[in-house]
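Here is a small set of exercises to work through with the structure open beside you. Try each task before you read its solution.

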Amino acid sequence: MDNKSSVLYLATFEAPYPVQVLILSLCLTMYLTITAANLLVLVTVAVSTDLHKPMHIFLCNLVIGDIIGSTSGVPKQLQVLLTSNREILYVSCVAQMFTLHIFAMNEIFTLAMMSVDRYLAICYPLHYHTKVTLKRSIFLSLLSWLIAIVAVGVQVILILQVKLKENYRQIQGIFCDNMGISKLAIDDTSKVESYGISMIAMYIISPFCVIAYTYIRILVECKNSSSSEFRGKALHTFGTHFMALAVFFTSVFSDILLPRFVKDVDSEGARNFRSAAQLVFLLSPVANVLIYCLRTTELRLTISTHFKKILRKVHLCPEMKVHVLGRG
């Protein structure tokens, strides 16, 4: 059977109907929250010229990736929970893998760029505006997407060359990923696995080392500074980025590592554990918006100002109608 026309099955949650409804409600609520909150941040930065700064450009890059990542996985899971139909076309499965992996790569690239941005702002404040410009931040953001698309595109090409088993077509988890598809192969997958390891080393470990270096330099700068005000501002911006980074890596390790330790794939408990571990990835898109909106004063105040203006216009509309009718 041709892989392109074949059907795979998602090994999703096994639970009583009330629990399924609870999971469905949770997924739907989180997805709507992610989409609405991230779009709010994106539109606010786009229409507010005061926010057209490198840090907010990187934040928008993060926001776009979060919307793509959640949209590529959650709607399909909602369909499965609503209809109990676990089928997914092989082409759709590969497309889902493609978008989810791009989301993850863009996330860590952007977090690395944001850490360098904060490092330069804290350690080299006098040279920050010459080193980090709006054009450079936009270029780097676009470059992160290009690298992610090319890197994951090569992975997809390797996956598409692999033939799948005829008698076993079950993806272990609620989303399609590289490892899940590789386990269904009857061919030698050494190329796919080797490329996957090289991707982890080059596109995950390398940015993580950059982030670690900037963190160390920022902490050293804070320790050596005699200004308590400087230390307070530096640690605040450092803490904001660190929280976003911690949530992202927690979700990544939960999604990738924890399910690999569960070998009993036919067990109901093992299946639920794998599915729950993959669902944790939704924490990162929610946390990014909450962390940066709550801890970034400029962004929070701008959103509040725009929201008040909208409420004021909505409040004035009925009064204007009454006034016009009264004149008539």
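A residue counts as buried under 20% relative accessible area, as exposed over 50%, and as partly exposed in between. Please keep in mind that this is a predicted model.

**Exercise 1. Get your bearings: how many helices and strands does the protein have, and in what order do they run?**

Step 1. Count the elements: there are eleven helices and three strands.

Step 2. Walk along the chain from the N terminus, and the order reads β-α-α-β-α-α-α-β-α-α-α-α-α-α.

Step 3. Add the overall dimensions. Along the principal axes, the C-alpha atoms fill a box of roughly 70 × 65 × 35 Å.

Step 4. Finish with the burial: of the 328 residues, 46% are buried.

**Exercise 2. Classify the ring pair of Y119 and Y213, and say which parts of the chain the pair ties together.**

Step 1. Begin with the general idea: two numbers describe a pair of aromatic rings, the distance of the centres and the angle of the planes.

Step 2. A search of the whole structure gives eight aromatic pairs. For Y119 and Y213, the ring centres are 6.1 Å apart and the planes stand at 65°, so this pair is edge-to-face. The cut-off used here is an angle over 60 degrees.

Step 3. Place the two residues. Y119 belongs to helix α3 (residues 90-123) and Y213 to helix α7 (residues 190-224), so the pair ties together parts that are 94 residues apart in sequence.

Step 4. Check the burial of each partner. Y119 is buried, at 9% relative accessibility, whereas Y213 is partly exposed, at 45%.

Step 5. Look at the surroundings: Y119 and Y213 form one aromatic cluster with Y124.

**Exercise 3. Now do the same for F248 and F249: what is the geometry of the pair, and are the partners buried or exposed?**

Step 1. The distance from centre to centre is 5.4 Å and the angle between the planes is 75°, and the pair is edge-to-face.

Step 2. F248 has a relative accessibility of 4%, so F248 is buried.

Step 3. F249 has a relative accessibility of 10%, so F249 is buried.

**Exercise 4. Find the salt bridges: how many are there, and where does each partner of K53 and E298 lie?**

Step 1. Recall that side chains of opposite charge can pair when their charged atoms come close.

Step 2. Searching the whole structure gives two salt bridges.

Step 3. Take K53 and E298, whose closest N and O atoms are 2.9 Å apart. K53 sits in the loop between α1 (17-47) and α2 (54-83), while E298 sits in helix α11; the pair links distant parts of the chain, 245 residues apart.

Step 4. Both ends are partly exposed: K53 at 35% relative accessibility and E298 at 32%.

Step 5. Turn to R118 and D117, whose side chains meet in a salt bridge at 2.6 Å, N to O. R118 is buried at 15% relative accessibility, and D117 is buried at 1%.

**Exercise 5. Which residues make the nonpolar surface patch, and which make the positive one?**

Step 1. The nonpolar patch is made by F139, L140, L143, L146, I147, V150 and V154, with an area of about 570 Å².

Step 2. Pick F139 as an example. F139 is in helix α5 (residues 134-160), and with 54% relative accessibility F139 is exposed.

Step 3. The positive patch is formed by K308, K309, R312 and K313.

Step 4. Pick K309 here. K309 lies in helix α11 (residues 297-327) and is partly exposed, at 43%.

**Exercise 6. Set sequence separation beside spatial distance for I303 with V45 and for L120 with G69.**

Step 1. I303 is in helix α11 and is buried, with a relative accessible area of 13%. From I303 to V45 there are 258 residues in sequence, and 8.9 Å in space from C-alpha to C-alpha.

Step 2. L120 is in helix α3 and is buried, with a relative accessible area of 15%. From L120 to G69 there are 51 residues in sequence, and 29 Å in space from C-alpha to C-alpha.

Definitions and conventions:
Residues numbered from 1 in each chain as written. Predicted model: local features only at pLDDT ≥ 70, side-chain atom pairs only at ≥ 80, totals over all residues. Heavy atoms only, no water. Patch = residues over 30% accessible without salt bridge, like charges linked within 9 Å, V, L, I, M, F, W, Y side chains within 5 Å. Areas by Shrake-Rupley, 256 points an atom, 1.4 Å probe, with all protein chains shown as cover. Salt bridge = Lys/Arg side-chain N within 4 Å of Asp/Glu carboxyl O. Lys, Arg positive; Asp, Glu negative; His and termini not counted. Charge placed at Lys NZ, Arg CZ, Asp CG, Glu CD. Helix = DSSP H or I, 4+ residues; strand = E, 2+ residues; numbered from the N terminus. Buried < 20%, exposed > 50% of the residue type's maximum accessible area, 1.4 Å probe, protein only. Phe/Tyr/Trp six-rings, centres within 6.5 Å; stacked < 30°, edge-to-face > 60°.
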